Amino acid sequence: MTTNQTADLPFPGLAGVPTLGEGEKLTGKDFTSDQEVRWCPGCGDYAVLKAVQSFLPTLNIRRENAVFISGIGCSSRFPYYLDTYGMHSIHGRAPSIATGLATAREDLSVFVITGDGDALSIGGNHLIHALRRNVNMTILLFNNRIYGLTKGQYSPTSEIGKVTKSTPVGSLDHPFNPVSLALGAEGSFVARTIDSDRKHLTSVLTAAAAHRGTSFVEIYQNCPIFNDGAFDAIKNPDTKAEAIITLDHGQPITFGAVDEETGHGALGLVRSANGGVEVTQTATAGIENILVHDAHNPDPSTAFAISRLTDSGYLNQTPIGIFRQVERPSYDHEARQQIATAQASTTTSPTQRLEALINGGDTWTVV
């Protein structure tokens, strides 16, 4: 067994996590538990689970050094189906529990599994503070735009006018855009992918695990029972070419029908007059004026503007890929450094320090 010591690794996010010894190898089957998978037939969670089980062996870490923390919801059954350590925690609090674990245990690779209701309703505060702190963990937010476990109420990502059991004449709430929210909290790694696109999902998971800090990945995930067809525009072969705006770092952002001569899509993104971005015809604007995607830009403004193109109704134009991927110190590492510095700078014992704290000057006499 070896231990990653530096960030100069294929997976900087795993620095400090023990790796497999020479000649050792795990497969997806090794990360598959003996529990019966119990989701509705056709649920997008199955595809994500299979992708994660197949992806984990590529990290080259032991099962006991991987931890999955979930909240409440259909997606939160994830820890049962993985042969790793895990915890099915309480509603919305998974990021907080994961923060404590990641801070205390550098030798663990910590994942959070959550849903749009779990993360963005009762768990909203916990999510944004994990992102701003940049704790070394990977958060996978399954977004099916509905409450599935409790049988079909509208969620924080449901579109305006959504008719559900809890909004029989249509929702009045303006929905959250999870990517915009994560960028607004200055998340250092923010991405979006799709449950049914195994190749793209795996590539995003790999990049998320490689990142040092909080990686936030929104996964569009179909609920065939209570919100079937919510993502038809980006899954239907007839419409997805013009609905999916693919983001590749360093490449012009074009999409739509591809011109065989130029290799660029018929549509592209350009700066708008109001400082944001907008869709235009590539041929009209000229490829030299098409926005080149820069996921490593320390200023999140452009990434935020791109995220706002996501239409909250039928997703007829939806950016997919890594919006932001920048480096900044992780909270857990900084906290451990503080503790090490404090321990090295004192000559008193832990018992003496505790007594000094208890018997310190800030005391009160209650009469």
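## Sheets, cores and selected residues in a predicted model

A191 is a residue of strand β7. The model described here is predicted. With a relative accessibility of 0%, A191 falls under the 20% limit and therefore counts as buried. Leaving aside neighbours within four places in sequence, A191 is in contact with V179, V204, F216, V217, E218, G321, I322 and F323. One of these contacts, I322, is 131 residues away from A191 in sequence, yet the two C-alpha atoms are 4.1 Å apart in space.

### The eight-stranded sheet

Strand β7 belongs to an open sheet of eight strands with mixed pairing, in the order β4-β3-β5-β6-β8-β7-β13-β9. At its edges are β4 (85-88) and β9 (244-247), each of which pairs on one side only. On average, neighbouring strands of this sheet are turned by 20 degrees against each other, direction ignored. Within the sheet, five bridges link β3 and β5 in the parallel sense. S70 has I113 of β5 as its bridge partner.

Two helices on this sheet can be described in like terms. Helix α1 packs on the sheet and touches β3, β5, β6 and β8, with its direction at about 160 degrees to that of β6. Helix α6 also packs on the sheet, where it touches β6, β7, β8 and β13 (318-325); the angle between its direction and that of β7 is about 165 degrees.

### Nonpolar cores

Which residues of the largest nonpolar core touch the most other members? They are V52, L56, L59, F78 and L140, in a core of 38 residues. Two or more residues of this core come from each of α1 (45-55), β3 (66-70), β5 (109-115), β6 (137-143), β7 (189-194), α6 (198-210) and β8 (214-220). Helix α6 supplies the largest share, seven residues.

F78 can be followed further. Not counting residues up to four places away in sequence, F78 touches W39, D45, V48, L49, V52, I113 and F142. A second core, separate from this one, has 35 residues and includes I69, I253, F255 and L269.

### The three-stranded sheet

F255 also takes part in strand pairing, with L267 of β11 as its bridge partner. The sheet concerned is open and has three strands in the order β10-β11-β12, paired antiparallel. Its edge strands, β10 (254-258) and β12 (277-281), each pair on one side only. The average turn between neighbouring strands here is 25 degrees, direction ignored.

Strands β10 and β11 (residues 265-271) run antiparallel and are joined by three bridges. Together they form a hairpin with six residues between the strands, and G263 in the turn has a positive phi of about 80 degrees.

### Positive phi outside glycine

Most residues other than glycine have a negative phi. R145 and K151 are exceptions in sign: phi of R145 is near 60 degrees, and phi of K151 is near 80 degrees. R145 is found in the loop between β6 and α5, and K151 lies in the loop between β6 and α5 as well. Are these residues buried or exposed? The table gives their accessibility, along with that of S180, a residue of helix α5 (residues 178-184).

| Residue | Relative accessibility | Class |
|---|---|---|
| R145 | 4% | buried |
| K151 | 45% | partly exposed |
| S180 | 5% | buried |

R145 and S180 are classed as buried because their values are under 20%. K151 is classed as partly exposed because 45% lies between the 20% and 50% limits. S180 touches F304, S307 and R308, not counting residues up to four places away in sequence.

### Helix α11

Helix α11 (residues 331-344) has 14 residues; at 1.5 Å a residue it should span 20 Å, and its end C-alpha atoms are 20 Å apart, so the two values agree. Which residues of α11 are buried? They are D332, A335 and R336. These residues cover an arc of only 95 degrees around the axis, which means that they sit on the same side of α11. The buried residues of α11 pack against α2 (94-104). On the other side of α11, the exposed residues are Q338, T341 and A344.

Note on methods: Residues are numbered from 1 along each chain as its sequence is written. This is a predicted model: local features need pLDDT of at least 70, side-chain atom pairs count only at pLDDT 80 or more; totals for chains, interfaces and linings use all residues. Side-chain values use heavy atoms; hydrogens and water are left out. Helices (H or I, at least four residues) and strands (E, at least two) are DSSP runs, numbered from the N terminus. The expected span of a helix is 1.5 Å times one less than its number of residues. Buried means under 20% relative accessible area, exposed over 50%, partly exposed in between (1.4 Å probe, protein chains only). The arc is that of the directions from the helix axis to the C-beta atoms. Contact means heavy atoms within 4.5 Å. A nonpolar core is a set of buried Ala, Val, Leu, Ile, Met, Phe, Trp, Tyr and Cys residues joined through side-chain atoms within 4.5 Å. Two strands pair if DSSP finds at least two bridges between them. Axes are lines fitted to C-alpha atoms, for helices over the stretch in contact, and angles run from 0 to 180 degrees between N-to-C directions.
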